[in-house]
Structures are given as C-alpha cells and as structure tokens.
Amino acid sequence: MSKRELKQYLKELTKEQLEEQILDLYGRFKEVKTFYDFAFNPQENKLLEEAKWQISKEYFPVNGRKPKMRRSVAQKNIRNFIRLGVDAPVVADLMLYNVEVAQTFCGERPVTQEAFYRAMLKAFEEALQFIEEHGLITQLAPRINRVVDEAIEQRWMNRAAFEKTAALYAI
C-alpha cells in the first residue's frame, strides 16, 4: 500500500474508527507503543539508561553467565533512538558508550577474536560520522580521544586504524 492509498483510506474512516485502529496498533505492536510513549512523555534519560544497561549486560552479564559481546544489541538500540527522534547528543553518547564498555571489558578480559576489533572499529567510525554530521565533534572530543588512547594502551590489533579514523575528523 502506498502512502497515497493509505491517506485516502484514512480519510474515509470516522474519528472513532481511526481512534480504534490506533489503539489496536498500540496494543499489538511494541514499536507503536514505544513511539507513542516517547512522543507524549519523552524520557530520554530513562531510555538512555535502559539502553546502556542492555549494552553493558552483553559484556558484564548478571548471574555469572558467559558474555555474549553482541554488537547487534547496541546497533538495535542506536537505530531505535534515531527512529524515535532522540536528540543527537544522547544518540552520540550511546554510540560512544558502546565502544567504551567494550574497551572496559577488554581491559579486564582480553579478547582474541579479530572480528570483535573490526566490529568496534566500525562502531567507532559510525559514531564519529554521526557526531560530525550533528556538529558535536568539539563537545565530544575528550571522550573520542580517550577511546583512541585506550585502544593504544590496550594494544588493540587495529589501534592505528582508531588513530587514523579520529585524525580524519580533526580530533
């Protein structure tokens, strides 16, 4: 169904039918509920803390389970923040937090999988691109430099790529 067709369909509905459909969508789909909850009560800090908890749980799970270290969990949260229209500084904070918590984990338990380091570099590159697009480079430069310094200090196999990426954004 195209947007035009949807518009036409919605024009044909009465106000009560439209309200009923929206309530039905709200009850059926978590994404719709999240959207309306955020639209009417944008608690960005609460969302941010919940997302950070989910990301940190990937590296430092409760109940002594084995860490999963899935980048996809962070990416899902970041995409959700962007889709909801969360302020850019909050999204940037989450993007950098993702790399920072991975570095904290590596500081405690070195990782040998090359794919992990590639994924973290990609996350860092995406964060810097987003940060530059939203004019937040000067504001977040200290955190960005700490990420690069930590990659060097921990002797990450792609630490030179972290330096090069940061240099591209004049940090």
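Author: Contact here means heavy atoms within 4.5 Å. This is a predicted model, with local features needing pLDDT of at least 70 and side-chain atom pairs pLDDT 80 or more, while totals for chains, interfaces and linings use all residues. Residues are numbered from 1 along each chain as its sequence is written, and side-chain values use heavy atoms, with hydrogens and water left out.

Reader: Okay, the fold first: how many helices and strands does the protein have?
Author: Helices (H or I, at least four residues) and strands (E, at least two) are DSSP runs, numbered from the N terminus. Going along the sequence, you read α-α-α-α-α-α-α-α-α. The tally for the protein is nine helices and zero strands.

Reader: And what does the C-alpha trace span along its principal axes?
Author: We're talking about a protein of 171 residues, 37% of which count as buried (under 20% relative accessible area with a 1.4 Å probe, protein chains only; exposed is over 50%, partly exposed in between). Among its contacts with a separation of 6 or more, 67% come from residues 24 or more positions apart. Along the principal axes, the C-alpha trace spans about 65 × 40 × 30 Å.

Reader: Which helix gives the largest share of the largest nonpolar core?
Author: A nonpolar core is a set of buried Ala, Val, Leu, Ile, Met, Phe, Trp, Tyr and Cys residues joined through side-chain atoms within 4.5 Å; the largest one here has 46 residues, and those with the most contacts inside it include Phe81, Phe116 and Ile131. Two or more residues come from each of α4, α5, α6, α7, α8 and α9. The largest share, 13 residues, comes from α6.

Reader: Phe124 is on that most-contacts list too, so which residues does Phe124 touch beyond four places in sequence?
Author: Phe124 is one of the residues with the most contacts inside the core, as are Trp156 and Phe162. Phe124 also belongs to a cluster held by ring pairs, whose other members are Phe116, Tyr117, Trp156 and Phe162. Skip the neighbours within four places, and the contacts of Phe124 are Val99, Ile144, Val147, Val148, Phe162, Thr165 and Ala166.

Reader: Let's do Ile78: how far is it from Leu94 in space, C-alpha to C-alpha?
Author: Ile78 sits in helix α5, residues 71–84, and it counts as buried because its relative accessibility is 5%. Outside four places either way in sequence, Ile78 is in contact with Val91, Leu94 and Met95. Ile78 and Leu94 are 16 residues apart in sequence, and the C-alpha distance is 7.0 Å.

Reader: Back to the rings: what is the angle between the planes of Phe60 and Phe105?
Author: Rings of Phe, Tyr and Trp (its six-membered ring) pair if their centres lie within 6.5 Å, with planes under 30 degrees apart stacked, over 60 edge-to-face and the rest tilted. That gives nine aromatic pairs. Phe60 and Phe105 make one that is edge-to-face, 5.7 Å centre to centre, with the planes at 70°.

Reader: Where do those two rings sit, and is Phe105 buried or exposed?
Author: Phe60 is in the loop between α4 (44–59) and α5, whereas Phe105 is in helix α6 (residues 88–108), 45 residues apart. At 33% relative accessibility, Phe60 is partly exposed. Phe105 has a relative accessible area of 4%, so it is buried.

Reader: Why is the Tyr117 and Trp156 pair edge-to-face?
Author: Their ring centres are 5.0 Å apart and their planes stand at 75°, so the pair is edge-to-face. It bridges distant parts of the chain, Tyr117 in helix α7 (residues 114–133) and Trp156 in the loop between α8 (137–153) and α9 (159–168). Both rings are buried, Tyr117 at 6% and Trp156 at 1%. The angle behind the label is 75°.

Reader: Now charges: how far apart are the closest N and O atoms of Lys52 and Asp93?
Author: A salt bridge is a side-chain nitrogen of Lys or Arg within 4 Å of a carboxyl oxygen of Asp or Glu, and the whole structure has ten. In the Lys52 and Asp93 bridge, the closest N and O atoms are separated by 3.1 Å.

Reader: Which helices does that bridge link, and is Asp93 buried or exposed?
Author: Lys52 lies in helix α4 and Asp93 in helix α6, 41 residues apart. Lys52 has a relative accessible area of 16%, so it is buried. At 14%, Asp93 also counts as buried.

Reader: Which residues are linked with Lys52 in a network of salt bridges?
Author: Glu100 and Arg143 meet in a bridge of 2.8 Å, N to O. That one runs from helix α6 to helix α8, across 43 residues. The network joins Lys52 with Asp93, Glu100 and Arg143.
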